[in-house]
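The exercises below ask you to work from atom pairs to chain-level totals. Try each task on the model before reading its solution.

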Amino acid sequence: MRRRALLRATAFLAPLLRPLRALAQLRSGAFSATSLAEAMRALFGERAPEASDAVTLDVEPKIENGAVVPVQINATVEGVTAINIFAELNPNPLLARFHLSPRCRPIVATRVKVGAPSNIVIVVETEDRLLSTRKFVEVVEGGCG
Amino acid sequence: MTGSIRIRTTHHAGWTSVRSIIRHPMETGFSVDPETGQVIPAHYITEVLCRHGDDLVLRCEWSRAVSRNPYLSFEFSGAHPGDRVTLSWTDNRGASDSATVAIA
């Protein structure tokens with residue numbers, strides 16, 4: 001009896017969970033995406049980020065060693081939920097994704113690998129907007145080898 | 001991987017600033033060992049969590065393209081000097097480490 005009830009519950013729940021699972025797979029696929037467009041589609045669907053002065057990216061314009069590229073991202077908007085860092089020409093362009101609680105200030109800094117001279121693209125997510133900025137970095141020695 | 005995390009905190013005007021370095025190879029899986037000619041398998045941190053007490057303040061999802069010995073800095077509000085901040089990471093092989101410090 002209990003087994004049957006469990007089966008019935010599972011059968012009932014499965015279709016409800018499917019879209020969630022699909023979304024989770026889509027999101028995790030963002031890290032294995034091999035182009036910027038594909039990574040963005042995995043994260044944001046058909047929504048296109050809008051270029052915004054509210055997002056700043058601090059990064060040196062010319063990098064000797066692409067294995068260690070310091071980046072700092074700063075947003076001057078309220079309610080930032082996530083910050084994404086992409087390198088346009090890396091084998092997998094999505095480098096890192098930061099999920100901020102409401103207590104977090106929208107400032108993060110880290111160091112990333114950039115394989116070739118290309119744009120570093122930042123997308124900041126709020127409840128209802130996608131704000132973006134980008135900077136081209138010259139890389140003398142690529143950092144993905 | 002015990003002892004892989006170094007954390008420095010400062011507290012100013014209601015904001016707690018956290019700066020951290022994690023000792024980790026962050027291997028991409030693309031590089032070749034010059035001694036053996038073999039590809040070095042991918043080995044990198046996939047998730048970093050920062051908690052203030054039980055409250056999750058920041059969750060990071062990382063790729064293999066975060067630099068070796070990753071650096072992370074961020075700020076959050078609502079904590080006080082002496083409160084505990086915990087940083088923990090997990091890598092693609094399921095290894096993990098965690099460290100807790102009192103806010104300076």
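**Exercise 1.** Determine which side chains make polar contacts with the side chain of Asn84(A), and describe the surroundings of Asn84(A).

Solution. Start from the polar contacts, each being a pair of N or O atoms within 3.5 Å, where within protein one atom must be able to donate a hydrogen and the other to accept it, and where residues adjacent in sequence count only if both atoms are side-chain atoms. A polar contact of 2.8 Å joins the side chain of Asn84(A) to that of Glu125(A), and the side chain of Arg97(A) makes a polar contact with Asn84(A), also listed at 2.8 Å. This is a predicted model, in which local features need pLDDT of at least 70 and side-chain atom pairs count only at pLDDT 80 or more, while totals for chains, interfaces and linings use all residues; side-chain values use heavy atoms, with hydrogens and water left out, residues are numbered from 1 along each chain as its sequence is written, and chains are lettered from A and ligands numbered from 1 in the order in which they are written.

Next, place the residue. Asn84(A) belongs to strand β5 (residues 80–87) of chain A, strands being DSSP runs of E with at least two residues and helices runs of H or I with at least four, numbered from the N terminus. With a relative accessibility of 0%, Asn84(A) counts as buried, given that buried means under 20% relative accessible area, exposed over 50% and partly exposed in between (1.4 Å probe, protein chains only).

Finally, list the neighbours. Leaving aside those within four places in sequence, the residues in contact with Asn84(A) include Leu43(A), Phe44(A), Leu94(A), Val121(A) and Ile122(A), where contact means heavy atoms within 4.5 Å. The C-alpha atoms of Asn84(A) and Val121(A) are separated by 8.2 Å, although the two residues are 37 positions apart along the chain.

**Exercise 2.** Which residues are linked with Arg97(A) in a network of salt bridges, and how many salt bridges does the structure hold over all chains?

Solution. Apply the criterion that a side-chain nitrogen of Lys or Arg lies within 4 Å of a carboxyl oxygen of Asp or Glu. Side chains of opposite charge can pair when their charged atoms come close. The network links Arg97(A) with Glu125(A) and Glu61(B), and the total over all chains is seven salt bridges.

**Exercise 3.** Examine the salt bridges of Glu50(A) and Arg68(B), and state which parts of the chain each one connects.

Solution. In chain A, Glu50(A) pairs with Arg129(A), the closest N and O atoms being 3.3 Å apart. Because Glu50(A) lies in strand β1 (residues 50–51) and Arg129(A) in the loop between β8 (118–126) and β9 (130–141), the pair ties together parts that are 79 residues apart in sequence. Glu50(A) is partly exposed at 37% relative accessible area, and Arg129(A) is partly exposed at 38%.

In chain B, the side chains of Arg68(B) and Glu27(B) meet at 3.7 Å, N to O. This pair links distant parts of the chain, 41 residues apart, with Arg68(B) in the loop between β4 (55–62) and β5 and Glu27(B) in the loop between β2 (15–22) and β3 (45–52). Arg68(B) counts as partly exposed at 49% relative accessibility, whereas Glu27(B) is buried at 13%.

**Exercise 4.** Characterise the interface of chain A and chain B, beginning with its extent and ending with a salt bridge that crosses it.

Solution. For the extent, 27 residues of chain A are in contact with 31 residues of chain B. The two chains bury about 2400 Å² between them, 48% of it on carbon and sulfur atoms; buried area is the accessible area (1.4 Å probe) that two parts lose on being put together, summed over both.

For the salt bridges, the rule finds three across the interface. One of them joins Arg105(A) to Glu75(B), with 2.5 Å between the closest N and O atoms. The pair crosses from Glu75(B) in strand β5 (residues 71–77) of chain B to Arg105(A) in strand β7 of chain A. Glu75(B) counts as buried at 18% relative accessibility, while Arg105(A) counts as partly exposed at 28%.
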